[in-house]
Amino acid sequence: MVTMAKHKGGPSASARRSRRGSLARWLNNLLLALCAYATLFPFVNVIATSLSSSRAINAGEVFMWPVELNFDAYHNLIRDGQLIVAMQNTVLITVVGTALNMLFTIMAAYPLSKARLKGRGLMLMAILFTMLFSGGLIPNFLLVNSLGLVNTYWALWLPALISAYNMFVMKAFLEGLPEELEESASIDGAGEFTILTRIILPLSKPVIAALTLFYAVGWWNSYMNVLIYIRSTNKMSLMVKLYQMIDLVSSELLRGEGVTQAVITPESIRAAAVVFAILPILCVYPFLQKHFIKGVLLGSVKG
Amino acid sequence: MTTNTMPTTKQPVGKLAGRAPGFRKHFSRNRFLYAMLVPVAIYLILFKYAPMAGEIIAFKNYRLSDGIWGSSWVGFGQFEKLFASRDFYVVLRNTLLLNLYHLVFAFPVPIILAILLNEVRAEWYKRTLQNLLYIPHFISWVALGSIVIALLSPSTGFVNSLLKAFGIEPIYFMADKFWWPVSFIVSGIWKEAGFGTILYLAAMSAIDPTLYEAAKIDGASKRRQIWHVTLPGIRSTIAILLILQVGKMMDVGFEQVYTLRNDAVTSVAEVISTFVYTRGLVNLQYSYTTALGLFQSLIALILIVSVNRIIKAMGERGLW
C-alpha cells in the first residue's frame with residue numbers, strides 16, 4: 001500500500017519539482033549572465049570613456065556608450081608618440097622573450113622526460129625547489145647588476161628563461177607520448193636531433209601553442225621587471241608607460257577634482273592608453289582562448 | 001638510482017664488469033640529450049641558485065662599492081633591526097591580512113561560479129559565459145588597476161555616480177582605509193575568479209554521471225546533489241588549490257598592490273613585496289630588505305611544505 005501511495009503521488013510531485021527546477025535553471029542562467037556583464041562592463045566603460053568628451057566624463061554621464069563621440073584622446077596619444085615607442089618595445093620584448101622561453105623550456109623538458117637519463121631525478125628536484133624557494137628581489141637585482149645587464153632587455157629575458165611550472169607541464173606532456181615512436185625512428189637511423197624536430201615537436205603542437213601563449217601574455221603584461229631593470233625612457237615597456245600615465249593623474253582623482261580646464265581631460269587620455277594596452281589581447285583572445293584552456297588543463301594533469 | 005641497481009646485482013657478473021663501458025655507451029648514445037641540459041644547468045645555477053647564495057648579504061652590511069665579499073659581517077644584526085622596527089609589523093600584518101581576506105572572500109568564488117556554470121544545460125551558453133569570464137585574467141594589473149581607479153573615482157567614476165543616484169554621498173574608495181582592502185579583494189576576484197573555474201569545471205566533468213542518476217532516483221534535490229556529488233568530486237582540486245593559496249600567505253603580488261596603492265592608504269596597503277622594492281631598490285637598503293625577503297621566503301617554504309604534508313596525511317594527493 002505504501003508503495004502504491006508513493007506511485008500515485010509520483011507524477012505530480014515530480015512535475016512540481018521539474019517546474020521549480022526549470023525556474024531555478026532560468027535564474028541560474030540569469031545570474032551567470034549578470035556575472036559576465038559585471039566582468040565586462042569595466043572594459044566597455046573604459047572604451048566608452050576614451051571616446052567621450054571631457055564634459056561628459058566630468059559630468060559622470062559615460063556609461064556603456066561614448067557620449068559626444070570624438071577621437072581626440074587617440075589623436076593626442078599618437079601625436080605624442082611615446083606610447084607607440086613603448087608598444088614597439090613591448091613587441092620586441094615579447095617576441096624575443098617568448099622565443100627564448102620556448103627554446104629553453106624544450107631544452108629542459110625533452111631530456112628530462114626520458115626516464116633513462118642519469119641525474120634526472122636530481123635535476124628535477126633542483127627545478128622543483130626553485131618553485132618553493134627563491135633568491136628574492138635584491139640578490140637577483142645585484143646579480144643582474146653585476147653582470148652588467150641593467151638597462152638592457154637581457155636583464156628581463158635571462159633571469160626568466162624557464163618557468164619551472166611550464167617546464168613541468170611540457171615534461172608531463174612529452175612523457176605521455178608513446179615511446180615506440182622514438183624507437184622506430186632511431187631504428188630507421190634518425191639522429192636525436194631529427195627525432196626531436198621531426199617527430200616529437202610536431203606531435204607536441206598543443207602544448208607548444210599553450211605555453212607560447214602563456215609566455216607571450218606574461219611578456220606583454222610585464223611590468224615589475226621593466227620597472228626594476230630598465231632605466232632609459234625610450235626603452236620602457238607599454239605597461240610601465242601606462243603606469244606613469246595613471247600615476248600622474250591618480251592623485252587628482254583621489255582628491256576628487258576633475259581637471260576641468262583642459263579641453264581633453266587626462267582621464268580620457270588614460271582611458272585611451274588603457275585601450276591601447278589591452279586591445280591587442282582582446283583582439284587575439286577569441287581565436288586563441290581554446291589553447292589557453294588546454295594549457296591549464298595540461299598543467300593540472302600532473303599538478 | 002638504487003632501485004635501478006638492485007636487479008643488476010642479481011644478474012651474472014658479466015653485466016657488472018661491463019658497467020663502465022656501458023655508461024660510456026649510454027652517454028655517447030644520449031649525448032644530444034645531455035648536451036641540451038648543459039645550458040639549462042648553467043641557467044639554473046647562475047640565475048636561480050646564485051641569488052639564493054646571494055641571500056648571505058642579509059647577514060652583512062652590503063654596500064655596492066665593497067661587493068658581496070668585501071662587505072662586513074653583521075650576523076643577525078639586520079634581522080634584529082628588522083624585528084625591532086614598527087614598519088616590519090605593519091607590512092607583515094598587511095600582507096597576512098590581505099591574504100586572509102583573499103582566502104575567506106575570494107577563494108570560494110571560483111568554486112561557486114563553477115558550480116553555477118556546471119548547472120547550465122545549453123553547451124553554447126556555458127562556453128560563451130566561460131570565455132567572457134576568463135578575459136580579465138589575461139589583462140595586466142596596470143591596465144586593470146587603472147580601470148578600477150577610474151570606476152571608483154569620487155568625482156567621475158561610475159560607481160559613485162550610481163551611489164549619487166541613490167542619494168548616497170560619494171565614497172573615496174581608494175583613499176579610505178576600510179574601502180581600499182575591499183576594492184583590492186574585489187578587483188582580485190574580478191581578475192581571477194572566472195579563470196579559476198577552469199580546474200574545478202574539469203574536475204566536475206570527470207565526475208561519473210551515474211552518481212547523479214543514483215542521487216536523482218533516491219529523490220535528492222539539486223541542492224543535495226551538489227552537496228553530496230559535485231563537491232566531493234572536486235574535493236582534491238580544492239585541496240590542491242588551497243595548499244597553493246596557503247603557501248602564498250606571505251606573498252601579496254607586487255603589481256596589484258603597486259598599481260592600486262597610494263599615499264593615503266600606505267598603512268593598510270604596504271606589503272612585503274612593495275616594501276622590499278621601495279626600501280631596497282629605491283632607498284638602497286640592500287641588506288635590510290634582503291633580510292626581510294629571506295624571512296618571507298623561509299616562512300613561505302615552511303608553510304607550503306607543512307600544508308603539503310597535512311593534505312597528504314588527510315589522504316589527498318599532495319603537490320609532490
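Here is a short conversation about a predicted model with chains A and B.

Visitor: Welcome me in with the basics: how many helices and how many strands are there in chain A?
Guide: Happy to. From the N terminus on, the elements of chain A run α-α-α-α-α-α-α-α-α-α-α-α-α-α. The count for chain A is zero strands and 14 helices.

Visitor: What share of the residues of chain A count as buried?
Guide: Chain A has 303 residues. A residue is called buried here if 20 or more other C-beta atoms lie within 10 Å of its own. The share of chain A that counts as buried is 39%.

Visitor: Is Val240(A) buried or exposed?
Guide: Let's start with its place: Val240(A) lies in helix α13 of chain A, residues 238-255. Leaving aside residues up to four places away in sequence, Val240(A) touches Tyr223(A), Val226(A) and Leu227(A). Its C-alpha atom is separated by 5.8 Å from that of Tyr223(A), 17 residues apart along the chain. Because Val240(A) has 22 C-beta neighbours inside 10 Å, it counts as buried.

Visitor: How is α5(A) oriented relative to α8(A)?
Guide: A nice pair to look at. Helix α5 of chain A (residues 120-132) and helix α8 of chain A (residues 164-175) have axes that come within 9 Å and cross at roughly 140 degrees. That angle makes α5(A), relative to α8(A), oblique.

Visitor: And which classes do the residues of the contact of α5(A) with α8(A) divide into?
Guide: On the α5(A) side we find Ile127(A), Thr130(A) and Met131(A), and these meet Ala164(A), Tyr165(A) and Met167(A) in α8(A). By class, the residues of this contact are no charged, one polar and five nonpolar.

Visitor: Which helix gives the most to the side of chain A that touches chain B?
Guide: Across the two chains, 78 residues of chain A are in contact with 77 residues of chain B. The chain A side has 52 nonpolar, 20 polar and six charged residues. With 15 residues, the helix that gives the most to that side is α1 of chain A, residues 2-50.

Visitor: Over in chain B, where do the buried residues of α9(B) fall, seen down its axis?
Guide: Helix α9 of chain B (residues 123-134) has twelve residues and reaches 17 Å from its first C-alpha to its last, close to the 16 Å expected. Its buried residues are Leu129(B), Gln130(B), Leu133(B) and Tyr134(B). Seen down the axis of α9(B), these fall within an arc of 130 degrees, so they line one face of the helix.

How values were computed. Residues numbered from 1 in each chain as written. Chains lettered and ligands numbered in written order. Predicted model: local features only at pLDDT ≥ 70, side-chain atom pairs only at ≥ 80, totals over all residues. Helix = DSSP H or I, 4+ residues; strand = E, 2+ residues; numbered from the N terminus. Expected span 1.5 Å × (residues − 1). Buried ≥ 20, exposed ≤ 12 C-beta atoms within 10 Å, placed from the backbone. Arc of directions from axis to C-beta. Axes fitted to C-alpha atoms, helices over the stretch in contact; angles between N-to-C directions. Parallel < 35°, antiparallel > 145°, perpendicular 65-115°, else oblique. Contact = placed C-beta atoms within 7 Å. Nonpolar A, V, L, I, M, F, W, Y, C, P; charged D, E, K, R; others polar.
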